[in-house]
Structure formats: C-alpha cells, structure tokens
Amino acid sequence: MRKYGGRICVGLLGAAVAYAVFGPGDAFVAVDVAEGVSPLPAAFSRLGVLYVVAVFIERALEVLLKTWRQGGKLRLEEEARSAGEDGRAAAEAKLRRYSVGTQRRALLFGLVLGVMVSLSGVRLLGSLFEFGAGTPPFQRDLFQFTDVIVTAGLIAGGSATIHKAMALIEDLLKANRTRAKDS
C-alpha cells in the first residue's frame, strides 16, 4: 500500500475525471441565481461555502495522514536524535524526504477529495456565468468540467487559499464602492 499510494490517488482522480467527462449528462446541475440577484454576491457566498468545505477536508486529511504516517515520522525522528555526528545529517535528510512525501500525499488526497466534492455539486464558476439558449452543449459541458477542476484545485489548496481569494474579492468590491462614491 505504501509503495502505491500516489498511484492509487492518481487513479481515483482519473476515475473522477472520467466520470465527469463520460458520466450522465444530468450529473452537472447548475446553481440557479434568484431573479434580480447579482451573480457576484452569489459567488462570494459560494466561496464561503468552499472555505468551510476546505476546512473540513483539511481536518479530515490531517487525521487520516497522521494515522497513516505518524509512526514512520516518529521512528525517523528518533533515529535522527540517536544518530551520532556521522549519521545525523543522513537521518535528517531521510526525515525531510519522508515529510515531503507526506505533503505530496496530502495534496493528492486533497485534490481527489476536491474533485469528489465538486462533482457532487459544490462549484464556484457556475454561479458567476449564465448560458444562453443557443449555447452548444459541448461548450456547457466543457465549462462545467473546468468548473469541477478549478473548484477541486481551490479546495485542494486549502482554506488559506480560499481565504486569500475572499479577501481579494472583498478588496475589489470596496475599491469599486469607493470609486462609485467619489464619482
């Protein structure tokens, strides 16, 4: 299992993407924005939902990875402490490689979970754009696929990434309000 963890994550991600491309057409349901409501506040509230989802996923990943990888980390830390001067650098390098492997696994698992969550309907871009009646189905499907991937990336990036995006949008809205008042 340890040897094939990355391959399993990539396989799950590939299966989710294949489902998104070849799955039933009604699996993608666009979120309707109420009549007269601007899509930007709807997207901002959707970003808040993504923040909460990302926090949940971060916590779940932390628990899962700690359960899976903590024993190896503790063993390598003990080796580094008990190693003599000659072996200390090698033991610390081994510990760093182990930590990098854990981070890589966390990112892959986060991406897989992000794809699964966005396939279940939690998406961001769909609340910003509306398709006209003459839009080709391929274009709509490609947009929804892109929405799944972008949302999954945001979720996989964690709550700090989403918080930064929320702060950026808030700053832009404040700047626009200030310009409107000055005009």
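In this predicted model, Leu76 is a handy place to start, sitting in helix α2, which covers residues 39–82. Leu76 counts as buried, because its relative accessibility comes to just 3%, under the 20% cut-off for that label. Setting aside the neighbours within four places in sequence, Leu76 is in contact with Lys94, Leu95 and Tyr98. Glu92 belongs in this picture too: the C-alpha atoms of Leu76 and Glu92 are 8.0 Å apart, with the two positions 16 residues apart along the chain.

Helix α3 takes up residues 85–119, and Arg105 is part of it. Is Arg105 buried or exposed? Arg105 turns out to be buried, since its relative accessible area is 11% and the label applies to anything under 20%. Arg105 and Leu61 are 44 residues apart along the chain, yet a separation of 9.6 Å is found between their C-alpha atoms. As for the length of α3, its 35 residues should span 51 Å at 1.5 Å a residue, and the end C-alpha atoms are 52 Å apart, so the two values agree. After α3 comes Gly121, with a positive phi near 125°.

Further along the chain lies helix α4, made up of residues 137–157. With 21 residues at 1.5 Å each, α4 should span 30 Å, and because its end C-alpha atoms are 30 Å apart, the expectation is met. Quite a list of residues in α4 is buried, including Phe143, Gln144, Asp147, Val148 and Thr151. Ala152, Leu154, Ile155 and Ala156 are also among the buried residues of α4. Just past the end of α4, Gly158 adopts a positive phi of about 95°.

Next up is helix α5, running over residues 159–182. From first C-alpha to last, the 24 residues of α5 reach 34 Å, close to the 34 Å expected at 1.5 Å a residue. The buried residues here are Ser159, Ile162 and Met166.

How do α4 and α5 sit relative to each other? Two packed helices are described by the angle between their axes and the distance between the axes. For α4 and α5, the axes come within 5 Å and cross at roughly 115°. The two helices are therefore roughly perpendicular to each other, as that label covers angles from 65 to 115 degrees. Where they meet, α4 brings Leu154, Ile155 and Gly157, while α5 brings Ser159, Thr161 and Ile162. Sorted by class, that contact has three nonpolar residues, three polar ones and no charged ones. Some of these residues have already come up as buried: Leu154 and Ile155 on the α4 side, and Ser159 and Ile162 on the α5 side.

Zooming out, the protein has five helices and zero strands, which gives the pattern α-α-α-α-α when read along the sequence. Of its 183 residues, 31% count as buried. About 11,700 Å² of the protein is exposed, and 64% of that comes from carbon and sulfur atoms. Among contacts between residues at least 6 apart in sequence, 79% join residues at least 24 apart.

Technical notes
Residues numbered from 1 in each chain as written. Predicted model: local features only at pLDDT ≥ 70, side-chain atom pairs only at ≥ 80, totals over all residues. Heavy atoms only, no water. Axes fitted to C-alpha atoms, helices over the stretch in contact; angles between N-to-C directions. Helix = DSSP H or I, 4+ residues; strand = E, 2+ residues; numbered from the N terminus. Parallel < 35°, antiparallel > 145°, perpendicular 65-115°, else oblique. Contact = heavy atoms within 4.5 Å. Nonpolar A, V, L, I, M, F, W, Y, C, P; charged D, E, K, R; others polar. Expected span 1.5 Å × (residues − 1). Buried < 20%, exposed > 50% of the residue type's maximum accessible area, 1.4 Å probe, protein only. Areas by Shrake-Rupley, 256 points an atom, 1.4 Å probe, with all protein chains shown as cover.
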